[in-house]
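Work through the exercises below with the model open. Try each task before reading its solution.

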Amino acid sequence: MRCPYCGSPNTQVKDSRPSEDHTTIRRRRVCADCGGRFTTFERVQLRELTVIKRSGRRIPFDRDKLMRSVQIALRKRPVDPERTERMVSGIVRRLENMGESDIHSETIGHLVMEALKGLDDVAYVRFASVYKNFREAKDFEALLGELAGTEGEDGEDDAGSSNALDD
Ligand SMILES: [Zn+2]
C-alpha cells in the first residue's frame, strides 16, 4: 500500500483488527520513509452492494429481495428450489465480481432474465414483462407467443403476477 503523503511504497502494517461485526479489518499503517500514519480497511466482498434504481434512488442490495422476485416469477413452475437457490447465488456472485459496489437495477434485471431463460420459459417471460415494463396484457401475450410451447392459458395469471412484482 502506497503512502498517501509521500507516495512511497515502503509502508508497514502496525496493527490489524477486525471491526465489531467482523465484516471488515482495520489496518493501521506507517510509512517507513516519511513516518506518515494512515488507516486502511479490508472488506469481504459479500459487502454492501448498492442498487441504483431507475429513479436514481440508492438502496442496499438485498439477496432476499432478489430471491423473492425470482420466486414470484417461478410461482407454480416445476423448478427444483435447489436450482433456484443456485441460480440466485450465481447472480449474486456475478454482481460481486463486477468490481463495482454500485449496481444499476437494470443490470440485475438483465442477469436475472438471462438466468431464467435457461431455467424456465414461463418464468422468464413473467420476469421479462416486468423488466421491460410491458404493462399492456397484449404486449405480454405477444411475448408469450414468441416462445413456442408455453402454456397460453396461463396468460391471465401471469399478467397478475407481473403486476404484483411491479412496484
Ligand atoms: Zn510517506
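Four exercises with solutions follow. The model is predicted: local features need pLDDT of at least 70, side-chain atom pairs count only at pLDDT 80 or more, and totals for chains, interfaces and linings use all residues. Residues are numbered from 1 along each chain as its sequence is written.

**Exercise 1. Take stock of the fold.**

State how many helices and strands the protein has, and their order.

Solution. Helices (H or I, at least four residues) and strands (E, at least two) are DSSP runs, numbered from the N terminus. The protein has six of each. Along the sequence the pattern reads β-β-β-β-β-α-α-β-α-α-α-α. Of the 167 residues, 18% are buried. Buried means that 20 or more other C-beta atoms, placed from the backbone, lie within 10 Å of the residue's own; exposed means 12 or fewer, and partly exposed lies in between.

**Exercise 2. Assign the sides of helix 1.**

Find which residues of helix 1 (residues 63-73) are buried.

Solution. The buried residues are Ser69, Val70 and Ala73. They lie on the same side of helix 1, because they cover an arc of only 100° around the axis. The arc is that of the directions from the helix axis to the C-beta atoms. Now turn to the other side of helix 1: Asp64 and Arg68 are exposed there.

**Exercise 3. Lay out the sheet.**

Give the strand order of the open sheet of three strands.

Solution. The order is 5-4-6, with mixed pairing. Strand 5 (58-60) and strand 6 (102-104) are the edges; each has a single partner strand, so one side of each lacks a neighbour in the sheet. Strands pair if DSSP finds at least two bridges between them. Strand 4 (residues 50-52) pairs with strand 5 in the antiparallel sense, over three bridges. Threonine 50 has proline 60 in strand 5 as its bridge partner. Helix 3 packs on this sheet, touching strand 4 and strand 6, and its direction makes about 65° with that of strand 6.

**Exercise 4. Describe the contact of helix 2 with helix 3.**

Give the crossing angle of the two axes, then the residues that meet.

Solution. The axes of helix 2 (residues 81-96) and helix 3 (residues 105-119) come within 10 Å and cross at roughly 145°. Axes are lines fitted to C-alpha atoms, for helices over the stretch in contact; angles run from 0 to 180 degrees between N-to-C directions. Next, list the contacts (C-beta atoms, placed from the backbone, within 7 Å). Helix 2 brings Arg83, Met87, Gly90, Ile91, Arg94 and Leu95; helix 3 brings Ile108, Leu111, Val112, Ala115 and Leu119.

Note on methods. Contact = placed C-beta atoms within 7 Å.
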